[in-house]
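Reader: I am new to reading structures like this one. Could you walk me through it, one feature at a time?

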Amino acid sequence: MSNLDRFIETFLNGAVLAKYTPAILSGVWVTVELSVLIVIAGTVLGVALACIRAYRIRPVSLVIVIYADIFRALPPLVLILLAYFGLPNIGLSLSSSAVLFVILGLTLGAFAEEIVWAGITATDTRIDQATINTAGWPPTSFRCSRQSTSHGKVAGTSSSMAARLTTGI
């Protein structure tokens, strides 16, 4: 038997493939479902934390920065192993799917928070002032932006501004 024949027998064995294909496809669907949930939860968490941080409450911002720094610095695999094997030692046992959801959701949330926060802080105060001048005050639909230095209130775009721009008023 040649090396190619051994390779084909090992990895392309029709009987083995037929036997395990349904289980593999079931695992693929679990992976896809879990991935979609993690992306949604992590993104929502990151945006929410960046919006909270935009209010610049020092103790709250400090906690968010520490969370983001820790979860961005530590490898997710290390956190998964610590949670899966370490938590049962303190009496908290989670399923493998729950551990993956929590750890990867928190990790994605940390990265998303930093990305959204960078976008919020990159907004020039002149844009805030232009929004106020164009749309009037207060903005009604978007409350998560950086604080305007001239008014001390949260600035952002408003539905009234969009209506004025589209109707020519």
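Reader: Let me begin with burial. What percentage of the residues in the protein chain do buried residues make up?

Author: Of the 169 residues in the protein chain, 25% are buried. Keep in mind as we go that this is a predicted model. Its chain has a mean pLDDT of 83, and 73% of the residues reach 70 or more.

Reader: Where does pLDDT stay under 50?

Author: Look at residues 146-169, where pLDDT stays under 50. For that stretch the model has 58 contacts beyond four places in sequence.

Reader: How many helices and how many strands does the protein chain have?

Author: The secondary structure comes to 7 helices and 0 strands. Reading along the sequence, you meet the pattern α-α-α-α-α-α-α. To see how a chain folds back on itself, look at how far apart contacting residues are in sequence. Here, among contacts between residues at least 6 apart, 58% join residues at least 24 apart.

Reader: Which residues form the largest nonpolar core?

Author: This core has 11 residues, and you can find them in the view: Leu49, Ile64, Tyr67, Ala68, Phe71, Leu79, Ile80, Ala83, Val99, Ile103 and Ala110. The elements giving two or more residues to the core are α3 (58-73), α4 (76-86) and α5 (96-122). Helix α3 gives the most, with 4 residues.

Reader: I would like to zoom in on one of them. What does Phe71 touch, not counting residues up to four places away in sequence?

Author: Phe71 touches Leu79, Leu106, Thr107, Ala110 and Phe111. Two of these names, Leu79 and Ala110, also appear in the core list.

Reader: Let us turn to charges. How many salt bridges does the structure hold?

Author: First, the general idea: side chains of opposite charge can pair when their charged atoms come close. This structure holds 3 salt bridges. In one of them, Glu113 pairs with Arg53, and the closest N and O atoms are 3.0 Å apart. Glu113 lies in helix α5 and Arg53 in helix α2, so this pair ties together parts that are 60 residues apart in sequence.

Reader: Are Glu113 and Arg53 buried or exposed?

Author: Both Glu113 and Arg53 are buried. The cut-off for buried is under 20% relative accessible area, and Arg53 counts as buried because its value is 12%.

Reader: What else does Arg53 form a salt bridge with?

Author: Arg53 also pairs with Glu114, with the closest N and O atoms 3.4 Å apart. Arg53 is in helix α2 and Glu114 in helix α5, so parts 61 residues apart in sequence are tied together by this pair. Glu114 forms a salt bridge with Arg72 as well, the closest N and O atoms being 3.9 Å apart. That pair links helix α3, which holds Arg72, to helix α5, which holds Glu114, and so it ties together parts that are 42 residues apart in sequence. Arg72 itself is partly exposed, at 36% relative accessible area. Through shared partners, Arg53, Arg72, Glu113 and Glu114 are joined into one network.

Reader: Now for the outside. Which residues form a nonpolar patch on the surface?

Author: Val16, Tyr20, Ile24, Leu25, Val28, Trp29, Val32, Val36, Ile40 and Val44 form it, and together they have about 950 Å² of accessible area. Take Val16 as a starting point: it lies in helix α2, residues 14-53. Val16 is partly exposed, with a relative accessible area of 41%. Across the protein chain, about 11000 Å² is exposed, and carbon and sulfur atoms supply 71% of that.

Key
Residues are numbered from 1 along each chain as its sequence is written. This is a predicted model: local features need pLDDT of at least 70, side-chain atom pairs count only at pLDDT 80 or more; totals for chains, interfaces and linings use all residues. Side-chain values use heavy atoms; hydrogens and water are left out. pLDDT is the predictor's confidence in each residue, from 0 to 100. Contact means heavy atoms within 4.5 Å. Patches are made of residues with over 30% relative accessible area and no salt bridge: like charges are joined within 9 Å, nonpolar side chains (Val, Leu, Ile, Met, Phe, Trp, Tyr) within 5 Å. Accessible areas come from the Shrake-Rupley method with a 1.4 Å probe; for residues, only the protein chains shown count as cover. A salt bridge is a side-chain nitrogen of Lys or Arg within 4 Å of a carboxyl oxygen of Asp or Glu. Buried means under 20% relative accessible area, exposed over 50%, partly exposed in between (1.4 Å probe, protein chains only). A nonpolar core is a set of buried Ala, Val, Leu, Ile, Met, Phe, Trp, Tyr and Cys residues joined through side-chain atoms within 4.5 Å.
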